[in-house]
Amino acid sequence: MIVIGAGPAGIAAALEAEKNGLNDIVILERDKYIGGILPQCIHNGFGLEYFGEELTGPEYAYEFIKDLNSSNIEVLTETMVLDVNDKKEITALNKEKGVIKVKGETIVLAMGCRERTRENIKIPGDRPSGILSAGTAQRYTNIEGYMPGKEVVILGSGDIGLIMARRMRLEGADVKAVLEIMPFSSGLVRNKVQCLDDFDIPLKLQHTITRVEGKERLKRVKVAQVDEDFNPIEGTEEWIGCDTLLLSVGLIPENELTKAMGLDLHPVTGGTYVNENRETNIEGVYAAGNVLHVHDLVDWVSEEAEIAGRAAADYLNNKLEKRENKIKITPGENVTYTVPQTIEYTFQDKKFIKVFMRVTKPMEDVKVKFIYENQEVVSYPKKIVMPGEMVTANLPAALIKNDMDEIKVSIEKKVGENDGEK
Amino acid sequence: MQIIIIGAGVIGSAIARELSRYDVDILLIEKEPDVADGTSKANSGIIHAGYNADAETLKGRMNVKSNPAYDKLCKDLKVPFKRNGSLVVGFTEEDLKELKKKKANGEENGIEGLEIIGQTELFEKEPNINRDAKYALYAPTAGIISPYELTIGYADNAVRNGAEVLLDTKVTDLIIDNDQIKGVYTDRGEYKADLVINAAGLFSDKIAAMAGDQFEIHPRKGEYHLFDKVHGDIINHTLFPMPTETSKGILVLPTVHGNLLIGPNANRIDDKDDVSTTSEGLEEVFEGAHHLIPSIPEKGVITSFSGLRASLASEDFHIDFSRQTKGLINLIGIQSPGLSSAPGIANKVIEMVQQFSQTNNHAFHQTDDFQETNPEYPHYHHYEENDKVEKWQEVVEQDKNYGEIICRCEHVSRGEIIDAINRPVPARTVDAIKRRTRASSGRCQAGFCGPRILEILSKHLKIDPLEVTKRGKDSRILKARSKEIILEDDNKVGDH
């Protein structure tokens, strides 16, 4: 088994595959160290779901790295995968070994994601230094030991943006505002409270940046309120002086290699299509973690990668059995996407399939409903759903009939309550 | 003979390189921290066939003369260049008439291979073109080039042959004695010269004014969008719409590196340092490009930028000796097709220098040790797909630094970045590294490799990381060491 990427997804997939009987596993990692982005996430909040306790990013990574160190899994760092094809042949470049060519019997894609840039959201103006992604700023601050700026504006209230607002503040920077184009924060609620509210950092909802100025170093940004169609409202513009603009405007799964294999990408997730084993449309090729869809909790990355790792082991050990009918899982009301998109194997000892989904808009007092031919299969009540927080619901194996071909997932107001949507 | 060239854009650098064939002292002075840092870095990167301008204009003559020189030149300087051909696309019978006129004009200029093609052939050449397009003028000799790599290649070659380049040095005045040039004053001191060549681009009117020559450059700004390489194969040729009075219109073209480029619009502005983009402009570029290729995606833009054209009211090049001061050659109004004309312009200047040397009794002989070619620096992305990996293995075996990929998006190794720092015209900024290696020019725009490039620059230039800049002067990447700001003002955090 070849795993591409030694972040939380790649490591968890490899460990789980070994646990399930694979003994020839190699992880290829392009960076100098393993753990992916976790080593620079020195804040806490990791592990509540997976370990039942709150850890920092490095601590969370260490829990897995410990196991990795006592395993027989081979890890090659500073190894950049240059190409991979549908025959599972990989070409990589390693500093010491030079070009490496390997063929896997199974491959797990765990390349993670990258941050959206200024160009992805089209901010016009000058091109000075001082405009960088929140994640890059996090690396400078937490790993390299340097501050990218002193007067900071943050565009986007994604989790990294919120975390970095607090981080920059703790380092003595003046964080002037966090701007969010949507009418709600796109990060976790706890991050909004702990990172902005506790530090009196203003969050300006329905605001965006329409221009940046500064010939050499950033001098100021023009901020405007937006209408419902996200267009700047005339007369609301104001300039905010700052030397740094951090962008936390979304993450894009890094699927260049996936595309090179000939796999199609899902228009919403930006990841490839997978069945319940996180298997792609190429048999024996799996994808897990942020390369598949962007997660807000690493705990779920680990969980998802374990599904893939175990399936890869079962696949090579011929333990899997295809269903007669493939079941499609499709998004219904207020669901933007689901992972997986299909169920293709028999359940065997599995009690349920956990379906991950995101909502389009915030709603309160809802139920997550699985529907087959307009009939409810099962539903779960939820107090609140938000676009920034992934929703999960279990589809029980016992309720799946052999003739089902498509199950829809909807998030609906609870019956009898007509003011659920806020 | 001592010669100072002001401005290390493509024209100044080309002149420096051609002059370095001769036994003269050459000093190329540039106010920016790198060569190619003005107009030469932000343009369409086209080597025009030359059918646009009249044979009566200087720019028309220079373009036609220069186009054939590019194959050998780029081979010598190790600059990526491709003759991909261009198509001027017509939609109406009126347009067809115009295209025929252009063709006749081009043929009069001596351009070979021009052809008017109909819809069938046009759709074959460009399957994604607007279905309403009916005709096109096909020019097989048109090409695409990396304009900044050409400039760097020229400047490197000049230095290799003895020229000196002074970066980050601004000419503040000319030293004139008795209407005769004696040298230049700069913000770093005085430099003596027998002859000064004004190739200051947008600022060439200001330099000319120091000698008493009256010119006025009207900057014209053009905005562009550069797309991810995955969109690079949406077209094959350089596509032009029907041109207007002042501009060739908004083009759609592949870059020589395989990206898709659209632009420019054309707006007169006053500020010669204003290379900002505007939301209206960026929208206009999209609209113009969609007219030719309707399927151009709104997403997939890696970077948007703008460049300024140094246009004169005459809309032609002015290349002549100063009328007021002896020993000054002015090159003014070198806008499009300036890049396409660079070799011809440099040759014309050499003739003028020859003339100057004769009237002033200066020696001007070719040297016998001129090195015409630049060495090939290993670049992973330069190799052909089929044996790229095998070739690179050999490179890595020579030096392990080539085995460490720093820029993930463009696959640029540490070795390539170190080379860029050690080239004859050394890279000293993050942008300079980008122009020489493509590191950070990809889809993540330095998100991942920024900190690594900074570390390499700091290490090899032996400067503090805090001193590393994006493009010189105050464009530092980092502002302070960790905890430094708290120490400066410990009230800021303590009040919670």
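**Entry 1: confidence**

pLDDT is the predictor's confidence in each residue, from 0 to 100. I began there, as I am looking at a predicted model. For chain B, I found an average pLDDT of 94, with 98% of the residues scoring at least 70. For the complex, I noted that the predictor gives an ipTM of 0.93 and a pTM of 0.93. I wrote myself a reminder that predicted coordinates should not be read in detail where pLDDT is low.

**Entry 2: chain A as a whole**

I looked up the elements of chain A and found 7 helices and 29 strands. The radius of gyration of chain A is 22 Å, close to the 22 Å from the globule rule for 422 residues, so chain A is as compact as a globular protein of that length. Along the principal axes, its C-alpha atoms fill a box of roughly 65 × 65 × 40 Å. Of the 422 residues in chain A, 50% are buried. I also checked contacts in chain A with a separation of 6 or more: 65% of them join residues 24 or more positions apart.

**Entry 3: a sheet in chain A**

Next I followed an open sheet of 5 strands in chain A, with the order 24-22-29-26-27 and mixed pairing. At its edges I found strand 24 (342-345) and strand 27 (375-385), each pairing on one side only. On average, neighbouring strands of this sheet are turned by 20° against each other, direction ignored. I then zoomed in on strand 26 (residues 363-372) of chain A, which pairs with strand 27 in the antiparallel sense over 9 bridges. Within that pair, Val368(A) has Tyr380(A) as its bridge partner.

**Entry 4: more strand pairs and a cis bond**

I turned to strand 25 (residues 352-358) of chain A, which pairs antiparallel with strand 23 (residues 337-339) over 3 bridges. Here Thr338(A) is partnered by Met357(A). Strand 25 of chain A also runs antiparallel to strand 28 (residues 391-396), joined by 6 bridges. In strand 28, Pro396(A) stands opposite Phe352(A).

In the loop between strand 23 and strand 24 of chain A, I stopped at Pro340(A). The peptide bond from Val339(A) to Pro340(A) is cis, with omega near 5°. That caught my eye because most peptide bonds are trans.

**Entry 5: where the chains meet**

I asked myself: how many residues of chain A are in contact with chain B? I got 47, touching 49 residues of chain B. Helix 3 (134-144) is among the elements of chain A that supply at least two residues to this side, and helix 3 gives the most, with 6 residues. By class, the side of chain A that touches chain B has 14 nonpolar, 14 polar and 19 charged residues. I was pleased to find strand pairing across the chains too: strand 12 of chain A and strand 24 (residues 480-481) of chain B run antiparallel, joined by 2 bridges. There, Tyr146(A) has Arg481(B) as its bridge partner.

**Entry 6: backbone checks in chain B**

I found a cis peptide bond here as well, from Gly263(B) to Pro264(B), with omega near 0°. Then I looked at phi. Arg438(B), in the loop between helix 12 (430-437) and helix 13 (450-461), has a positive phi near 80°. Lys462(B), in the loop between helix 13 and strand 24, has a positive phi of about 55°. Is Arg438(B) buried or exposed? I counted it as buried, because 21 other C-beta atoms lie within 10 Å and the cut-off is 20 or more. Lys462(B) counts as exposed, because it has 6 C-beta neighbours inside 10 Å.

Notes
Residues numbered from 1 in each chain as written. Chains lettered and ligands numbered in written order. Predicted model: local features only at pLDDT ≥ 70, side-chain atom pairs only at ≥ 80, totals over all residues. Helix = DSSP H or I, 4+ residues; strand = E, 2+ residues; numbered from the N terminus. Rg over C-alpha atoms; globule rule 2.2 N^0.38 Å. Buried ≥ 20, exposed ≤ 12 C-beta atoms within 10 Å, placed from the backbone. Contact = placed C-beta atoms within 7 Å. Pairing = 2+ DSSP bridges. Axes fitted to C-alpha atoms, helices over the stretch in contact; angles between N-to-C directions. Nonpolar A, V, L, I, M, F, W, Y, C, P; charged D, E, K, R; others polar.
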